[in-house]
Amino acid sequence: MPLKKGWEPLNRSTVGTVPDRYGIYELGDGNGNVIAVDHGPLRDDLKEALGYGDGEQVRWQATQNREEAERLVEEHRERL
């Protein structure tokens, strides 16, 4: 099940708007296909993804804590 938020370009401007919180995120290719699902400190992880060119698009969901993010990412991966 994809995240409900729409895709945004994975670029510096977008990463600058990402909350500095833990959460779950998806990386997508140029066609909107999910190529990765993960969790972590959103801004830090997405800066890294941008630096390595891991995707063209991104969407995310902030969570209250690491445990919630881990639970959500496992549920999400099962539905892909």
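Me: A salt bridge is a side-chain nitrogen of Lys or Arg within 4 Å of a carboxyl oxygen of Asp or Glu. How far apart are the closest N and O atoms of Arg77 and Asp38?

Reply: In this predicted model, Arg77 forms a salt bridge with Asp38. Arg77 lies in helix H3 (residues 66-79) and Asp38 in strand E3, so the pair ties together parts that are 39 residues apart in sequence. The cut-off for such a pair is 4 Å, and the closest N and O atoms here are apart by 3.6 Å.

Me: Is Asp38 buried, exposed or partly exposed?

Reply: Buried means under 20% relative accessible area and exposed over 50%, with partly exposed in between. Its partner Arg77, at 37%, is partly exposed. Because the relative accessibility of Asp38 is 31%, Asp38 counts as partly exposed.

Me: Which residues are linked with Asp38 in a network of salt bridges?

Reply: Asp38 forms a salt bridge with Arg77. A network of salt bridges also takes in Glu74. The residues linked with Asp38 are therefore Glu74 and Arg77.

Me: In which helix do Glu75 and Arg71 both lie?

Reply: Glu75 and Arg71 form a salt bridge, with their closest N and O atoms 3.2 Å apart. Glu75 is partly exposed at 29%, and Arg71 is partly exposed at 44%. Their positions are four residues apart, about one turn of the helix, and both lie in H3.

Me: Which residue forms a salt bridge with Arg59?

Reply: The side chain of Arg59 makes a polar contact of 2.3 Å with the side chain of its partner, Glu26. That distance is also the one between the closest N and O atoms of the salt bridge. Arg59 lies in strand E4 and Glu26 in strand E2, so the pair ties together parts that are 33 residues apart in sequence. The residue that forms the salt bridge with Arg59 is Glu26.

Me: What is the relative accessible area of Glu26?

Reply: A residue is buried when its relative accessible area is under 20%. Arg59 meets this limit at 9%. Glu26 is buried too, because its relative accessible area is 0%.

Me: How many bridges join E2 to E4?

Reply: Glu26 has Arg59 as its bridge partner in E4. E2 and E4 run antiparallel. E4 also pairs in the antiparallel sense with strand E1 (residues 8-9), where Pro9 has Gln57 as its bridge partner. Between E2 and E4, the number of bridges is six.

Me: Which element gives the largest share of the largest nonpolar core?

Reply: The largest nonpolar core has ten residues: Leu10, Val15, Val18, Tyr25, Leu27, Leu42, Leu46, Ala49, Val58 and Trp60. Two or more of these come from each of strand E2 (22-28), helix H2 (42-52) and strand E4 (57-62). The largest share is three residues, and the element that gives it is H2.

Me: Which residues of H2 does Trp60 touch?

Reply: Trp60 belongs to the largest nonpolar core. Leaving aside residues up to four places away in sequence, Trp60 touches residues including Thr14, Val18, Ile24 and Tyr25. H2 spans 42-52, and the residues in that range touched by Trp60 are Leu42 and Leu46.

Me: What arc around the axis do the buried residues of H2 cover?

Reply: The buried residues of H2 are Leu42, Asp45, Leu46 and Ala49. These lie on the same side of H2, because the arc that they cover around the axis is only 95°.

Me: Against which elements do the buried residues of H2 pack?

Reply: The buried residues of H2 include Asp45 and Ala49. One helix and three strands receive them. The elements are helix H1 (12-17), E2, E3 and E4.

Me: Is His39 buried or exposed?

Reply: His39 has its place in strand E3 (residues 34-41). Not counting residues up to four places away in sequence, His39 touches Tyr22, Gly23, Ile24, Tyr25, Asp45, Ala69, Glu70 and Val73. The limit is under 20%, and because the relative accessibility of His39 is 18%, His39 counts as buried.

How values were computed: Residues numbered from 1 in each chain as written. Predicted model: local features only at pLDDT ≥ 70, side-chain atom pairs only at ≥ 80, totals over all residues. Heavy atoms only, no water. Core = buried A, V, L, I, M, F, W, Y, C linked by side-chain atoms within 4.5 Å. Buried < 20%, exposed > 50% of the residue type's maximum accessible area, 1.4 Å probe, protein only. Contact = heavy atoms within 4.5 Å. Polar contact = N/O pair within 3.5 Å; in protein donor to acceptor, adjacent residues only side chain to side chain. Pairing = 2+ DSSP bridges. Arc of directions from axis to C-beta.
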